[in-house]
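User: I am new to this structure and would like a close look at a single part of it. Please take one pair of facing residues and work outward from there, at an unhurried pace.

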Amino acid sequence: MSQVMSRENLQKWAPVLVLIALILFFSIANPNFMSVRNFARIAMAATPALMISIGITFIIIMGSIDLSMEGAVAVCAVVFATLFLSLGGALDSWAWVALPATLVVGACFGLVNGLVHVKLKIPSFMASLSMGFVGIGLSLLMTGGDRIRVEDPLFRSLLTERVLNFPLMVYFAGLALLVAWFIQSRTRIGRNFYAVGGGEELAHASGLNVNRVRVLGFMIAGAFYALGALFAVARIGIAETATGYNLMFISITSVVVGGTALWGGTGGVWNSLVGVLIVNVIANGMIVIGLPRYVQDGVLGVLVILAVYLSTDRKSLAFVK
Amino acid sequence: MFELQKVDKIFPGVHALKAVDFEIKRGEIVGLVGENGAGKSTLMKVIYGAYQHDGGQVFVDGKTVRFHNPRQAMDMGVGMVFQEQSLIPNLTVMENIFLGFEKQFVNFGVIDWKKMAEAARHQLKKVKLDISPSTTTSQLSFAQRQLVELAKVLTLEERVQGDLVILLDEPTSVLAKDEIKLLFELVRDLRSRASFIFVSHRLDEVIDLSDRIYVLKDGEVVDVVNADEADVDSIQREMVGRNINKEYYREEQQKPYDDTKVLLELESVGNSGKYRDISLKLHAGEVLCLVGTEGSGREAILRTIYGLQRPESGSVSIKGQALKGFSAKCGVEKGVAYVPRERKIEGIVGGMTVFENMTLSQMGNYSRAGVLDVRHERALAREWIEKLSIKASSENADCGNLSGGNQQKVVLAKWRSGGSDIILLDHPTRGLDIGAKEDVYDMVRDMSAAGIGIILVADTLEEAIGLSHTIAVVKDGEIQKWFDCKPGCKPSLYDLIHYMI
Amino acid sequence: MDLEKLKRHFPWITLVVLTLLVGLMDPNFLRPHNLIQLAGDISTLFIMALGITFVIYIGGIDLSAQSVANMTTVLATISLPLFGVWAGVFCIVIGLGFGAVSGFVTTRLKVPSFIATLAVGGLALSVGQYASGQRALYMDATLRDQAFGWMIGTTAGIPHELIIAIILLLLAYFVQNRTTTGRALKAIGAGELAAVASGLKVDQYKIMAFAFSGMFAAIAGLLFSVKLAGGSPTLAEGFLLPAIVAVLVGGTPLTGGVGGVLNTAIGAMIVAVVRTSMLYLEIPATSQQIFFGVVLIAAIALTIDRSKMRIVK
């Protein structure tokens with residue numbers, strides 16, 4: 001503890017340092033970057049991705065992976081919009097029921113995902129990949145490929161209403177982050193994720209019902225995907241099959257960049273917050289300093305490699321897959 | 001209070017336990033000894049519920065019981081302190097202590113950390129370990145982890161009505177001398193709370209700690225001796241079923257080595273934190289044994305010679321040529337071979353056939369322009385299966401399915417067929433049964449006679465003394481003492497231990 | 001018959017059963033012409049899957065294949081007028097290079113392949129977008145036919161793409177089973193530490209596996225762009241996941257060391273049959289994804305060999 005600058009500490013804080021360095025760099029490159037307005041923009045863009053990243057964090061802590069989020073988000077978004085509109089289309093009527101209902105739908109989607117993974121003994125990579133297809137398919141079936149507009153001003157106030165320059169949804173996302181933190185550090189299930197990720201066989205030998213933990217993990221992740229879907233719909237006002245587009249890679253990249261290792265047992269939701277911010281700061285910063293759109297994917301790739309490179313304790317790894 | 005009567009355990013093809021009678025009284029410490037493969041671990045697994053017995057009966061306080069899983073055994077007060085560290089490294093100490101039994105601290109899924117920490121402190125006090133319950137387990141030393149495991153098992157005290165039986169599986173293998181002393185004092189103190197079954201292959205420790213000792217051989221209890229009447233030699237004789245004598249280690253086959261031909265030379269080689277100032281010469285036909293405690297630096301020296309670790313200072317030369325590059329590839333090219341301790345992880349590739357394993361280090365010899373000559377490979381494998389009498393259905397058998405001894409033979413065949421003349425053996429007999437061990441000893445002598453230089457890190461001191469021409473005692477990363485081990489004037493165990501600790 | 005032994009044969013049994021099932025619904029499906037057509041259509045995807053197989057075989061994953069293929073369609077279209085038939089070689093070398101970069105990042109910088117290949121995919125995407133000016137490009141028909149006309153068309157009713165795919169399969173099979181490289185890759189997948197302790201240059205071989213994957217992705221992209229006579233940075237969109245699925249369904253699990261390129265051939269055919277069966281079963285377009293997902297779960301549940309997996313993550 002005495003050595004603040006120890007190797008271990010440096011690695012632990014590397015993602016935060018990377019984030020600070022990025023912010024400094026972009027601020028110097030273009031002073032406009034360092035403004036409340038721009039930070040609000042980053043926060044808003046990051047909100048749905050943060051929810052997805054929090055969800056997948058729990059799965060990755062267990063050493064599993066979930067690739068179903070694009071499907072899950074599509075289903076949740078479409079179910080929400082359909083239900084919301086059919087119940088009156090305004091938050092101050094019975095339509096508010098659609099909000100909790102969407103969370104339940106997300107959890108149920110996770111439940112099925114988890115059951116397929118655990119009961120059929122299919123690795124989570126493949127189980128969730130398939131469930132992703134199913135989710136996309138379900139949303140297509142419900143919408144027939146159409147977009148559903150959600151224009152209720154009260155619901156959209158998540159985006160339009162601003163407190164201290166940041167839209168409401170950012171605060172709700174912060175609240176969800178705290179809930180996730182509570183789950184991670186205070187609840188039995190949260191700690192069990194770490195036990196499974198740290199030593200599944202040992203956890204099993206100690207009488208832990210690992211399968212139950214896994215399924216619950218996917219359910220919790222599903223609920224957070226649902227939150228992500230709600231924020232995404234609030235942000236653009238449209239629910240469609242493509243609502244979840246690209247969220248899979250962004251969220252997993254964010255989690256890993258934040259310092260949660262893919263082999264499980266380490267990291268947590270705060271890491272994911274940092275990771276999401278890193279990815280979004282990079283994306284936003286490149287626009288602000290005027291890099292052409294087409295180089296952004298490449299630059300993001302290089303920076304992500306750099307961020308992971310800096311925050312991995314390579315000495316402790318026998319090999320990397 | 002805990003008793004086994006005529007317990008049998010049968011696996012396909014193996015009668016692992018034969019009518020074993022075993023009894024432990026309240027507050028007693030019972031030793032359990034036997035060679036690897038004698039049935040120790042099977043017996044333990046039956047006791048703590050990982051296996052179910054096929055015949056006979058198990059009694060707890062006179063009542064017949066049958067444990068279907070370890071959890072049920074725990075509920076009856078039988079707990080196991082594992083040899084391999086069974087704590088999850090990324091969790092805190094208290095979480096590990098109560099893993100699977102958190103319910104008492106949980107309200108509506110929320111953990112009461114204060115209550116858990118309090119309870120954990122209570123458990124840690126039992127084992128006299130003064131650490132914060134919220135320490136991450138990976139930050140503890142091995143000795144501390146061992147104590148935490150013991151504390152974890154002692155939570156049974158609060159959960160279970162009646163008496164506790166605690167199995168200690170090789171608890172001293174990773175501990176230093178003074179830590180062992182502390183552990184033993186603790187166990188003696190705790191006998192007011194629990195009975196202990198102490199399993200170890202260090203016979204002196206077993207005699208020291210236990211009240212009675214069960215000697216197991218070939219799945220049978222061959223003797224039960226009172227500790228105050230026991231001595232190491234007689235127990236050893238019973239375990240092996242014959243005198244461990246010169247014949248066992250093939251001492252009469254030990255030929256003097258050729259001291260004009262230096263195969264390998266290390267000159268004040270050092271690697272910070274692991275070892276320093278190591279100088280040694282290995283000659284053709286010599287068996288050089290590095291002796292020391294776990295963590296003394298023996299393995300690190302082997303891995304450096306093989307090229308898996310680059311030394312920070314000093315020089316290594318092989319057959320007169322100074323080594324420049326350090327990689328396993330370079331080592332192999334120079335004729336160095338490495339038989340690792342973790343046979344299943346580093347030695348063989350499970351899922352690949354016998355012939356594929358044998359040529360893995362020397363594919364260049366069996367290919368032209370990168371194209372393999374499989375027929376040639378198979379012929380080689382058949383030749384060595386014959387030569388070392390490897391029990392495999394054919395050269396196409398999956399190496400992962402062979403027995404430990406046969407896997408070890410495959411590893412040795414891999415290196416010998418490739419023409420390696422410096423062979424590094426890291427615990428080559430670990431986990432092998434007696435027959436397989438003797439095969440390994442034979443092979444060591446054969447190789448030595450063929451002019452191959454061998455550096456050995458042995459499983460036991462007896463093995464080291466029996467097999468080697470030269471012994472270097474390593475302590476804290478330095479060579480303390482050299483012993484010459486000519487047949488007839490070999491050093492005694494005591495001579496070595498004196499310099500090891 | 002031993003169930004474990006039988007398990008190894010599940011992938012092709014699944015393929016035959018699926019084919020027959022669809023055949024029962026509509027006998028036309030089983031006409032050789034139709035089946036060959038089916039195989040021809042899946043060729044491009046299969047070639048990409050073939051490359052990915054090498055990476056999954058060593059226990060990694062390659063998510064850059066689609067972007068590399070996309071980039072290749074652009075580069076092929078641009079370089080065709082400049083290099084003629086050498087444009088093909090040019091593209092393949094570039095693909096190889098991108099794969100090698102992925103391999104380097106994974107092995108030397110110790111970035112997990114999932115992230116490394118994703119990032120390199122981003123690079124490829126940027127190159128593709130830059131080179132194309134973010135537009136769809138078209139090949140000159142005569143130039144194309146001169147240089148790559150042999151890639152398309154049919155001989156004796158067999159599409160040339162299929163022939164190319166089969167030649168590549170045989171080549172990959174040879175590399176996998178008969179060369180030191182293939183043997184080393186198997187050892188790395190099944191027991192990486194033992195491979196290191198046997199003195200293999202594990203890092204080099206791993207980089208090679210990624211390079212193969214990049215190369216095959218480039219070939220797939222080239223073929224695709226020749227077929228469609230053009231290139232765009234999004235031309236091969238939607239190829240990646242089905243290609244990975246083909247590898248997995250074929251029986252090469254993510255844990256590595258088991259399966260191989262023949263399995264991928266079967267896996268690709270399963271994907272093709274499932275897709276086409278939806279047309280024959282007249283499943284509405286909106287339900288096809290669900291159907292695909294459910295059949296996938298069933299196929300994977302049936303085909304994967306769990307005996308090598310101690311714990312299912």
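Which residue of β23(B) does Leu290(B) stand opposite, and what surrounds that pair?

Analyst: In this predicted model, Leu290(B) stands opposite Ala472(B), which belongs to β23(B). The two strands concerned are β15 of chain B, covering residues 287–291, and β23 of chain B, covering residues 470–475; they run parallel and are joined by four bridges. In general, the strands of a sheet pair through backbone hydrogen bonds, and this pairing may be parallel or antiparallel.

Seen in its wider setting, the pair of strands belongs to an open sheet of six strands in chain B, whose order is β18-β21-β22-β15-β23-β24 and whose pairing is mixed. At the edges of this sheet lie β18 (336–339) and β24 (478–484) of chain B, each of which pairs on one side only. From one strand to the next, the twist averages 20°.

Beyond the sheet, chain B also has a contact with chain C, to which chain B brings 22 residues and chain C brings 20 residues. On the side of chain C that touches chain B, helix α9 of chain C (residues 180–197) gives the most, with twelve residues. Sorted by class, that side of chain C holds eight nonpolar, seven polar and five charged residues.

Terms used. Residues numbered from 1 in each chain as written. Chains lettered and ligands numbered in written order. Predicted model: local features only at pLDDT ≥ 70, side-chain atom pairs only at ≥ 80, totals over all residues. Pairing = 2+ DSSP bridges. Axes fitted to C-alpha atoms, helices over the stretch in contact; angles between N-to-C directions. Contact = placed C-beta atoms within 7 Å. Nonpolar A, V, L, I, M, F, W, Y, C, P; charged D, E, K, R; others polar.
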